[in-house]
Amino acid sequence: MAEKRKQSRRWLKILIGILIAVIVIYLGICFYFINYGFGRKTKTPDQPTREAIEWLNKTPQQTWHETAVGNKDIKLVARYVPAAEKTNKTIVVAHGWHENSRLMARYIKMFHQLGYNVLAPDGRGSGRSGGKYLSFGWLDRLDYVKWIHQIIDREGSNVEIGLFGVSMGGATVMNVSGQKLPPQVKCVVEDCGFSSIHQEFYDVITHDFHIPAGPILAGGAYLAQPMIGFNFNDANTLKQLAKDKLPILFIHGDKDDFVRTYMVYQNYHATKAPKEIWITKNTGHAHSLENHYQAYKAKVGAFFAQYLK
């Protein structure tokens, strides 16, 4: 009898040990993906971007400052590049995942050549802005409304504003479009933005890491919340687009395997406002400008010119 009790306790200890190991591994995987997705990192620029950065460094510009909504400890920084000739038209440029305003130099240069002022903020956890974590364009949507009001305060009530973003920046400006905005904001161009943070994580974990995404996202959303300031399962770009009243141009590469191409159709169909869609051929993630430069510049330029008059 005593031997059986010893054996039972031994098996109980083994089962408890296994359970603890499973929990530790599960938590480790969750925190890995939280840091992978939301941690502060910066990509290395490719050659075309480095060349554009050289141009940007030589171009007259200003540094603007703002404070993050809901967190006064996070100080935000933006890069303002005035047009070569005075204009009342300004494009707000939102950067992508693990990028910053400096890495948007090719787009800033394009808009500068088109005659616009450009305001390019560094999002939370990016570039010169404060914060340990990105918000994937979700909390940033609130900060961008403050940037928009700062443009109006500085440039006057007759300013006309367009919103533009690529990848995470595309999601950012789509999220902004669902907020209450001043009438000076006229239209939106988004390039390869995702339809929700949850779905983007699900696709990356499933297709790139080849592991089940559901359990990781279920627990990860709650574990991440104290760190990033919101439950990322609640961050839904489609719901924001359903509230959008601004004309919007959707751009996406047909070979995008990071923010998969099906998402642009979800975004497009969620939008009730005037809308256009352009699927660029033989193009991966965030390569539409590089692969189709002249067509991109012409199409984006024409869209903004239509609404910023």
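Begin inside the protein, at the largest cavity, where about 110 Å³ of space lies. Of the 13 residues that line this cavity, the closest to its centre are W97, F136, E200, V204 and F258, so selecting those five will bring you to the right place. Bear in mind throughout the tour that what you have open is a predicted model.

With the largest cavity in view, colour its lining by class: 10 of the residues are nonpolar, 2 are polar and 1 is charged. Then turn on the helices, and you will find that α1 (2-38) and α6 each supply at least two residues of this lining. Which helix gives the most to the lining of the largest cavity? The answer is α6, with 4 residues.

Next, select V204, one of the residues closest to the centre of the largest cavity, and follow the chain to either side of it, where you will see helix α6, residues 197-207. Is V204 buried or exposed? Its relative accessible area is 8%, and because buried means under 20%, V204 counts as buried. Show the contacts of V204 and, leaving aside residues up to four places away in sequence, you will see that V204 touches Y36, F209 and F258. Now add D257 to the selection: D257 and V204 are 53 residues apart along the chain, yet their C-alpha atoms are separated by 9.0 Å.

Stay with the enclosed spaces for one more stop, since the count comes to 4 cavities of 30 Å³ or more. The second largest cavity has a volume of about 60 Å³, and to find it you can select C30, F33, I34, F38, F201, I205, I216, L217, G220 and F232, which line it. This lining divides into 9 nonpolar residues and 1 polar residue, with no charged residue among them. Three helices, α1, α6 and α7 (214-228), each supply at least two residues here, and the largest share, 4 residues, comes from α1.

From that cavity, move along to helix α7 and look at it from the side. At 1.5 Å a residue, the 15 residues of α7 should span 21 Å, and the end C-alpha atoms are 20 Å apart, which agrees. Select A221 and look along the helix axis on either side, for a kink of about 35 degrees in α7 is centred on this residue. Several residues of α7 are buried, namely I216, L217, G219, G220, A221, A224 and I228, and I216, L217 and G220 should already be familiar from the lining of the second largest cavity. Just after α7, stop at G229, which takes a positive phi of about 95 degrees.

Two further residues are worth a visit for their backbone angles. Most residues other than glycine have a negative phi. Select S167, in the loop between β5 (160-166) and α5 (168-177), where phi is near 60 degrees, a positive value in a residue other than glycine. Then select N282, in the loop between β8 (275-280) and α10 (288-291), where phi is near 50 degrees and again positive in a residue other than glycine. Which surroundings does each have, buried or exposed? S167 is buried, with a relative accessible area of 8%, whereas N282, at 60% relative accessibility, counts as exposed.

Now turn to the open pockets. The largest pocket has a volume of about 300 Å³ and is lined by 18 residues, of which K43, D46, E99, R106 and A286 lie nearest its centre. Colour this lining by class, and it will show 7 nonpolar, 6 polar and 5 charged residues. The second largest pocket holds about 210 Å³ of space, and of the 15 residues that line it, N71, I74, Y133, M227 and I228 lie nearest its centre. I228 is also one of the buried residues of α7. In the lining of this second pocket, 8 residues are nonpolar, 5 are polar and 2 are charged.

The last stop is H112, which lies in helix α3, residues 105-113. H112 is buried, with a relative accessible area of 17%. What does H112 touch, not counting residues up to four places away in sequence? Show its contacts, and the list is W55, T59, V81, P82, A83, A84 and V118.

Key. Residues are numbered from 1 along each chain as its sequence is written. This is a predicted model: local features need pLDDT of at least 70, side-chain atom pairs count only at pLDDT 80 or more; totals for chains, interfaces and linings use all residues. Side-chain values use heavy atoms; hydrogens and water are left out. Buried means under 20% relative accessible area, exposed over 50%, partly exposed in between (1.4 Å probe, protein chains only). Contact means heavy atoms within 4.5 Å. On a 1 Å grid over the protein atoms alone, a cavity is a set of points where a 1.4 Å probe fits but cannot get out, and a pocket is an open set with protein on both sides within 12 Å along at least five of seven lines; lining residues have an atom within 4 Å of a point. Grid points are joined across faces, edges and corners, and a volume is the space filled by probe spheres set on the points. Ala, Val, Leu, Ile, Met, Phe, Trp, Tyr, Cys and Pro count as nonpolar, Asp, Glu, Lys and Arg as charged, and the others, Gly among them, as polar. The expected span of a helix is 1.5 Å times one less than its number of residues. The bend at a residue is the angle between axes fitted to the seven residues ending there and the seven starting there.
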